[in-house]
Amino acid sequence: MSRVMSVRASSNAPKVALLGASGGIGQPLGLLLKKNPNIAKLALYDLVGTPGVAADLSHIDTPAQVSAHTGPAELVSALEGADIVVIPAGVPRKPGMTRDDLFNTNAGIVRDLAEAAAKTCPKAFLAIITNPVNSTVPIACEVYKNNDITDLKRIFGVTTLDVVRAQAFVAEKKGLDVNKTTVPVIGGHAGVTIIPLLSQVKPSVKFTDEEIKALTERIQEAGTEVVKAKAGAGSATLSMALAGARFVENLLNALKGQKVVQCSYVKSDVIKGIDYFSTPIEIGQNGVEKIHGTGPLSSYEQSLVEKSVPELKASIEKGVKFIRVHDKDAVDEKTLKSAAEASRALHPTDKEAQKKSLRSLIGRLKESSFESSQVSQQGILEEIADTMKNVQVEQQPVTTGKITNPLHMKRAKIAIRHEVFEEALMRGIPEKEARELAEKATTFAEERLKNPLISEPIKYKAEKPASEVKSEKLKDMSKHVEDLFQKALDIFDKTFNETDYKSWPGIASSKPVIPDPSTSTLFDVFDAKHDLKIFTNPSLKTHELAFWKQYDYDRARIVNKALGPNNAFEEMIQWTEEGKMWPYPINNEYQLGEELNVPFTEHIFLEKYLDKYNLPKTGPIAQFMELVSVGLSKNPYMTAEKKRNHMEWFANYFNKEQIERVHFLHEKEQSVLVEET
């Protein structure tokens with residue numbers, strides 16, 4: 001992506017870029033931003049669905065001009081000239097998930113969007129909504145630093161929702177006017193790191209210790225409260241959209257020259273030992289101008305701050321390590337040195353190409369520390385080196401190369417499949433279909449690896465291009481398939497097919513060692529008369545180091561886990577071990593909402609509910625209802641009540657007229673069969 005330096009738009013005509021505009025938060029937030037009379041241009045970006053959202057919003061009679069931008073190719077145009085960039089993009093929380101569970105997917109999304117913003121509009125305010133905010137804000141800051149941007153005062157974590165909730169709950173509890181109630185919330189944006197300062201509520205109000213504890217816990221777990229209430233259908237989207245719109249309104253006022261004070265999670269030295277913390281801050285035209293600190297705290301609030309520090313520190317370090325490739329905890333010094341030597345060997349005279357190649361290699365090594373398909377960093381480097389031994393340098397004759405080592409091939413497939421699978425999920429493709437597409441794309445790339453290498457990257461050609469598909473839904477899916485297959489090819493071409501690795505220090509194969517036939521051997525010293533008692537002496541035992549035995553076991557387990565479940569049974573076992581499924585593979589909603597006290601028998605013994613209906617006990621209807629009962633009993637994704645509703649619908653469908661009609665058709669069919677025989 002080329003660097004495009006944006007020019008700050010006039011404060012009278014600001015542009016806001018909304019990244020993730022088609023999602024659960026993005027759509028209502030887009031609506032609220034379109035209503036804002038202070039916004040001149042509203043750029044909507046997402047991987048899919050943006051044109052429809054933009055068309056819908058453009059019909060609203062407010063000044064903001066709406067533009068749609070879809071896919072990575074249009075990201076730069078969405079960001080050009082932006083004064084404020086808002087990022088709600090990412091996957092939402094589901095029942096049982098914490099914000100930190102979202103890290104593996106959302107961290108990569110924020111990294112890529114922040115990278116584009118740093119290159120395209122580095123002077124824009126960057127408001128990050130994507131969870132876990134405690135980690136995604138440090139990720140964005142590290143990305144900016146990698147792009148030589150040291151002024152991080154324009155990067156904000158949006159914690160306004162915690163303030164909105166605190167004010168609503170306090171006003172409700174104490175009978176206050178919610179429009180005149182203010183409650184500062186400090187710390188972070190997850191669980192125990194959310195610290196409402198009830199001692200600083202305005203107007204001043206008194207709480208008992210029990211009220212303080214109950215209100216604090218409710219504010220901290222308010223997000224989980226919504227997730228459970230929606231029963232897996234989503235997380236807090238509407239309230240988050242409102243909070244995001246309020247935050248953007250304050251940023252717009254700051255651009256006008258007003259001094260705005262609001263709580264936000266930013267780079268801060270307020271708390272010793274951590275680099276990011278949320279407190280009331282003063283925002284001006286150039287970002288954070290003053291950090292007001294926590295103010296006087298009660299003993300209870302001070303204990304909450306102390307309790308939050310370890311959580312915040314871990315989340316911040318996780319985000320920083322995700323980006324900081326030179327951190328020795330992410331990439332060890334030996335591996336880093338090898339990668340640097342490899343980059344110099346690849347591009348001996350081009351410093352910029354060396355830097356780009358090093359980032360590419362280290363990026364893969366770094367991600368191995370966080371993703372489920374973990375293999376050792378040195379192993380990945382060796383895999384890349386071994387794979388690239390037979391790949392030609394530019395402007396050299398074409399050679400034939402293959403990955404002959406099965407383990408190296410498996411590692412390559414895992415890396416490609418994981419990358420394509422994550423891309424498919426980000427495009428909104430269901431997990432099962434995404435896994436299948438990733439498998440097919442990986443197989444295609446594997447065949448590409450086995451074929452003679454060519455000097456130019458090839459393009460994936462579908463049997464029927466997406467442009468020729470008439471159905472819009474099928475056209476979108478065809479386009480996704482083309483993109484994912486091409487992504488698998490691109491990973492190979494850019495990673496494995498970049499140059500010849502034979503010139504790497506230490507990579508070239510060493511000369512074979514020829515044994516000296518004149519050297520005495522064990523069998524020369526001992527003849528048949530000397531029994532070594534290797535196999536007959538019971539006191540001799542097989543010895544092996546416990547460390548290496550455990551190492552081999554763990555390595556095999558990790559590789560096997562990275563390959564994913566092979567069938568539905570292994571998938572159920574994996575879900576059960578992760579606590580996502582009941583030990584009985586019947587009810588995927590176990591311990592959630594209405595299913596809290598439902599025994600598994602209510603899910604599998606469904607025939608008893610048919611007794612109250614006057615349905616035939618024999619014949620095609622009875623056989624059909626038996627199949628319905630069996631099918632529903634095996635469905636782990638439906639509540640017991642929903643299964644009963646299905647049974648009731650079918651039972652009501654077969655009324656007296658339908659029963660007579662089915663009986664007539666069945667008798668007619670039987671008579672025809674008899675005549676034919």
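## Exercises on strand pairing, helix packing and backbone geometry

In this predicted model, the bridge partner of lysine 41 in strand 3 is glutamine 65.

### Exercise 1. Strands 2 and 3

Determine in which sense strand 2 and strand 3 pair, over how many bridges, and which hand the connection between them has.

*Solution.* Begin with the strand limits: strand 2 covers residues 41-46 and strand 3 covers residues 65-70. The bridge between lysine 41 and glutamine 65 gives one pair of partners, and over the two strands there are six bridges, with the pairing in the parallel sense. Next, follow the chain, which leaves strand 2, passes through helix 2 and arrives at strand 3. This path is a β-α-β crossover, and its hand is right-handed.

### Exercise 2. Helix 1 and its two contacts

Describe how helix 1 packs against helix 2 and against helix 9, and divide the residues of each contact by class.

*Solution.* Two packed helices are described by the angle between their axes and the distance between the axes. For helix 1 (residues 26-35) and helix 2 (residues 50-58), the angle is about 30° and the axes lie 10 Å apart, while the crossing is right-handed. Helix 1 contributes Gln27, Gly30, Leu31 and Lys34 to this contact, and helix 2 contributes Val53, Leu57 and Ser58. Sorted by class, the contact of helix 1 with helix 2 holds three nonpolar, three polar and one charged residues.

Now turn to helix 9, whose axis comes within 8 Å of that of helix 1 and crosses it at roughly 35°; this crossing, too, is right-handed. On the side of helix 1, Pro28, Leu29, Leu32 and Leu33 take part, and they meet Leu238, Ala241, Leu242, Gly244, Ala245 and Val248 of helix 9. The class count for the contact of helix 1 with helix 9 is nine nonpolar, one polar and no charged residues.

### Exercise 3. Helix 6 against helix 9

Find the angle at which helix 6 and helix 9 cross, and state the relative orientation that follows.

*Solution.* Helix 6 spans residues 160-174 and helix 9 spans residues 238-255, and their axes come within 8 Å and cross at roughly 110°. Since angles of 65 to 115 degrees count as roughly perpendicular, helix 6 and helix 9 are therefore roughly perpendicular to each other. The crossing is right-handed. In the contact, Thr160, Leu161, Val164 and Arg165 of helix 6 face Ser239, Met240, Ala243, Arg246 and Phe247 of helix 9, and these residues divide into five nonpolar, two polar and two charged.

### Exercise 4. Backbone exceptions in loops

Locate the cis peptide bonds at proline 132 and proline 203, and the loop that holds the positive phi of aspartate 148.

*Solution.* The bond that joins asparagine 131 and proline 132 is cis, with omega of about -5°, and proline 132 belongs to the loop between strand 5 (125-128) and helix 5 (133-146). From lysine 202 to proline 203 the peptide bond is likewise cis, with omega near 0°, and the loop that holds proline 203 runs between strand 8 (194-196) and helix 7 (209-220). Aspartate 148 is not a glycine, yet its phi is positive, at about 65°; this aspartate is in the loop between helix 5 and strand 6 (155-157).

### Exercise 5. A hairpin

State how strand 10 and strand 11 run and how many residues join them.

*Solution.* Strand 10 (residues 276-284) and strand 11 (residues 287-291) run antiparallel and are joined by four bridges. Within this pairing, isoleucine 283 is opposite valine 288 of strand 11. The connection from strand 10 to strand 11 is a hairpin through two residues.

How values were computed
Residues are numbered from 1 along each chain as its sequence is written. This is a predicted model: local features need pLDDT of at least 70, side-chain atom pairs count only at pLDDT 80 or more; totals for chains, interfaces and linings use all residues. Side-chain values use heavy atoms; hydrogens and water are left out. Axes are lines fitted to C-alpha atoms, for helices over the stretch in contact, and angles run from 0 to 180 degrees between N-to-C directions. A crossing is left-handed if the near helix is turned anticlockwise from the far one by less than a right angle, and right-handed if clockwise. Contact means heavy atoms within 4.5 Å. Ala, Val, Leu, Ile, Met, Phe, Trp, Tyr, Cys and Pro count as nonpolar, Asp, Glu, Lys and Arg as charged, and the others, Gly among them, as polar. Angles under 35 degrees count as roughly parallel, over 145 as roughly antiparallel, 65 to 115 as roughly perpendicular and the rest as oblique. Two strands pair if DSSP finds at least two bridges between them. A crossover is right-handed if, with the strands pointing away from the viewer, the path from the first strand over the helix to the second runs clockwise.
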